[in-house]
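User: Please take a close look at the pockets of this structure. I would like their volumes and linings, with the cut-offs behind each term.

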Amino acid sequence: MLNPFLTEYMEEGELRSLGFKAVGKNVRIARNNTIAGLENIEIGDNVRIDPYCSIIATGTGWLKIGSYVHIAGYCLLSAGDGIQMDDFSGISQGVHVYSRTDDYTGEALTNPTVPSKYTKVRGGTVHLSRHVIIGSGSVILPQVTIGEGSSVGALSLVTRSLEPWGIYTGTPARKLKARSQKMLTIEKALFDDLATSH
């Protein structure tokens with residue numbers, strides 16, 4: 001009998017047959033995710049997407065995931081205007097990334113059941129640069145680029161672009177201090193080891 005509590009992951013062979021735009025090597029995606037717009041999703045090498053995530057890239061939406069990327073469980077990637085996650089970026093449990101949002105000022109109607117001429121949806125690409133990590137429960141709004149090497153603490157709200165190599169936290173997210181760049185040396189060691197083993 002199949003254990004109902006066992007998380008099963010699909011791997012690249014099976015994933016390629018499902019209609020993704022591109023799937024690299026050593027990709028694992030939990031079966032119990034909701035993913036819409038497969039034809040608009042590109043995935044690099046060494047990527048893992050854990051259970052209970054929702055990824056929406058339908059219509060003109062798109063999602064591009066680099067290599068060595070981890071998306072933890074219970075995340076939402078709403079990629080209607082595009083989301084890009086560069087190499088070595090990652091998002092912790094329960095992170096929500098929105099590339100579109102309704103207008104909350106009261107100047108327009110809201111929600112997708114209303115014809116668009118009565119709404120003021122704001123959209124724009126979200127870009128998580130190399131070595132960016134986003135803490136659990138954080139929310140990222142449209143038209144945001146998080147610069148290389150920056151980290152965002154848990155339960156933060158990112159409403160504007162963030163400079164590279166900073167540690168940010170809060171609502172809205174503000175810079176606390178600089179982040180170490182030692183990981184660049186470690187990345188080089190990883191690739192040197194991979195080159196030697198091949």
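Analyst: The two largest pockets come below, followed by one residue in contact with a lining residue.

This is a predicted model, in which local features need pLDDT of at least 70 and side-chain atom pairs count only at pLDDT 80 or more, while totals for chains, interfaces and linings use all residues. Residues are numbered from 1 along each chain as its sequence is written, and side-chain values use heavy atoms, without hydrogens and water.

A pocket here is an open set of points on a 1 Å grid over the protein atoms alone, where a 1.4 Å probe fits, with protein on both sides within 12 Å along at least five of seven lines; lining residues have an atom within 4 Å of a point. Points are joined across faces, edges and corners, and a volume is the space filled by probe spheres set on them.

The largest pocket holds about 460 Å³. Its lining has 18 residues, and Arg100, Thr101, Asp102, Pro112 and Val121 lie nearest the centre. By class, eight are nonpolar, eight polar and two charged (Ala, Val, Leu, Ile, Met, Phe, Trp, Tyr, Cys and Pro count as nonpolar, Asp, Glu, Lys and Arg as charged, the others, Gly among them, as polar).

The second largest pocket has about 150 Å³. Residues lining it include Tyr68, His70, Phe88, Ile91, His131, Arg179 and Met183. This lining divides into six nonpolar, five polar and one charged.

Ile91 is also among the residues in contact with leucine 77, leaving aside neighbours within four places in sequence (contact means heavy atoms within 4.5 Å). Val97 is another such contact, and its C-alpha atom is 4.9 Å from that of leucine 77, 20 residues apart along the chain.
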